[in-house]
Amino acid sequence: PIFSPEEAVKPIRTIAFALATVSLAATAWAAPSGFAFLQVPAGARAAAMGGAYMSLAQGAEAAFWNPAGLADFTGTQFTATHIETYEHLRHEQVAVAGRLFGGGMAASLRAMYSEPIPERDELGNLIGSFGSHDLEFLLGYGRTIGGVAFGASAQHVRERIADQAAGTWAMNAGASWRMPALAGARVSLSLHQLGGSAHYTFNGAKGQPVPLPTMVAAGLAWQRPALRGLTARLAVEAHATRGRAGLYAFGGELEAPIGASLRAGFRVGDDIADWSVGAGWRAGVLQVDYAFVPSKLALDDTHRFSLGAHF
């Protein structure tokens, strides 16, 4: 079918309004939150595209991004990511997804942990070492109903510093829709980390609440054939997250028929990183991805590696 320019512009205006609404919502959501590791873009491909990935994630990767992406994939998928981040810290992400009950189901584990950190007394004397870790366990399901993909997931998050720990439960939900008026385009909306605050316990008494980084996001991705058999993908997103200013993410990818990909991303409103680059290679059932994310702070740049399989 052939659509007039007016028909094509209408859904674009709707998406622009949704992105602006999400961004403005962030200004009224200023209470600080904990569990910052949940805000690290999951997967090297997504990180290379600046985190503009909610409308592109399908299968196992969708467990971290938008459970609606569990509705439309085939077979069984596996993905694992290792992040070399700031001194003493490591970040791991693992997910597996398959078809079940007429839709797609996924289970994932996300963890950030430290190497031993020197512990000193009030006088500065070395008295030992301690560690810390953050964990997320997640189970999600997605299905297409009436041409729209819907998904939901439940997660348990836990944070530990030395011998103190706190944890809580949360829910995620999302929807995505292929736009008939703009071939190759998909729009998505999602809600993340909706749940109660965690509490540390000190001497038998609850400490101050540690709220989750609850987030509302809207995004648009567009895929089109390019020159010499290349496939081009562009994506834009807006995030409103508790405890931080609104964030815009922009990403692009060029994929060759042989399976090689080049990627770049840009973020507006992020106080840690504002650009990223990366590459990927797909060979048979395997996919290998790499991302380089330089830090704006006086911290180390990060290198991210992902391995995926689709059977």
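These exercises walk through cavities, a pocket and several single residues of a predicted model.

Residues are numbered from 1 along each chain as its sequence is written, and side-chain values use heavy atoms, with hydrogens and water left out. In this predicted model, local features need pLDDT of at least 70 and side-chain atom pairs count only at pLDDT 80 or more, while totals for chains, interfaces and linings use all residues.

**Exercise 1. The cavities**

Find how many cavities of 30 Å³ or more there are, and describe what lines them.

Step 1. Fix the rule. On a 1 Å grid over the protein atoms alone, a cavity is a set of points where a 1.4 Å probe fits but cannot get out; lining residues have an atom within 4 Å of a point. Grid points are joined across faces, edges and corners, and a volume is the space filled by probe spheres set on the points.

Step 2. Count. There are two cavities of 30 Å³ or more.

Step 3. Take the largest cavity. Its space comes to about 340 Å³. It is lined by 32 residues, and Leu 38, Gln 39, Trp 65, Met 215 and His 239 are the closest to its centre.

Step 4. Name the elements. Helices (H or I, at least four residues) and strands (E, at least two) are DSSP runs, numbered from the N terminus. Elements giving two or more residues to this lining include α3 (62-65), β6 (132-145) and β13 (231-241). The most comes from α3, with four residues.

Step 5. Sort the lining. Ala, Val, Leu, Ile, Met, Phe, Trp, Tyr, Cys and Pro count as nonpolar, Asp, Glu, Lys and Arg as charged, and the others, Gly among them, as polar. The largest cavity has 16 nonpolar, eleven polar and five charged lining residues.

Step 6. Turn to the second largest cavity. Its volume is about 40 Å³. Its lining is Ala 42, Gly 43, Glu 61, Phe 64, Trp 65, Thr 79, Thr 81 and Gln 93. Both α3 and β1 (77-84) supply at least two of these residues. By class, three are nonpolar, four polar and one charged.

**Exercise 2. Gly 43**

Place Gly 43 in the chain, and decide whether Gly 43 is buried or exposed.

Step 1. Locate the residue. Gly 43 sits in the loop between α1 (5-25) and α2 (44-48).

Step 2. Apply the cut-offs. Buried means under 20% relative accessible area, exposed over 50%, partly exposed in between (1.4 Å probe, protein chains only). Gly 43 has 7% relative accessibility, so Gly 43 counts as buried.

Step 3. List the contacts (heavy atoms within 4.5 Å). Beyond neighbours within four places in sequence, Gly 43 touches Thr 81, Gln 93 and Ser 306.

Step 4. Look along the chain. Leu 307 is 264 residues apart from Gly 43, yet their C-alpha atoms are separated by 9.0 Å.

**Exercise 3. The largest pocket**

State the volume of the largest pocket and what lines it.

Step 1. Define it. A pocket is an open set of points with protein on both sides within 12 Å along at least five of seven lines.

Step 2. Give the volume. It is about 820 Å³.

Step 3. Describe the lining. It holds 37 residues, with Arg 45, Tyr 53, Leu 56, Gln 58 and Glu 61 nearest the centre. The largest share, five residues, comes from β18. Twelve are nonpolar, 14 polar and eleven charged.

**Exercise 4. Asp 270**

Work out which side chains make polar contacts with Asp 270.

Step 1. Locate the residue. Asp 270 lies in the loop between β15 (260-268) and β16 (275-283).

Step 2. Check burial. The relative accessibility of Asp 270 is 8%, so this residue is buried.

Step 3. Find the partners. A polar contact is a pair of N or O atoms within 3.5 Å; within protein, one must be able to donate a hydrogen and the other to accept it, and residues adjacent in sequence count only if both atoms are side-chain atoms. Asp 270 reaches the side chain of Arg 244 at 3.4 Å. The side chain of Arg 267 is joined to that of Asp 270 at 2.7 Å.

**Exercise 5. Positive phi**

Find where Phe 35 and Gln 193 lie, and give their phi values.

Step 1. Phe 35 is in the loop between α1 and α2. Its phi is positive, about 50 degrees, although Phe 35 is not a glycine.

Step 2. Gln 193 is in strand β9. Its phi is near 55 degrees.

Step 3. Phe 35 is buried at 1% relative accessibility. Gln 193 is buried at 6%.
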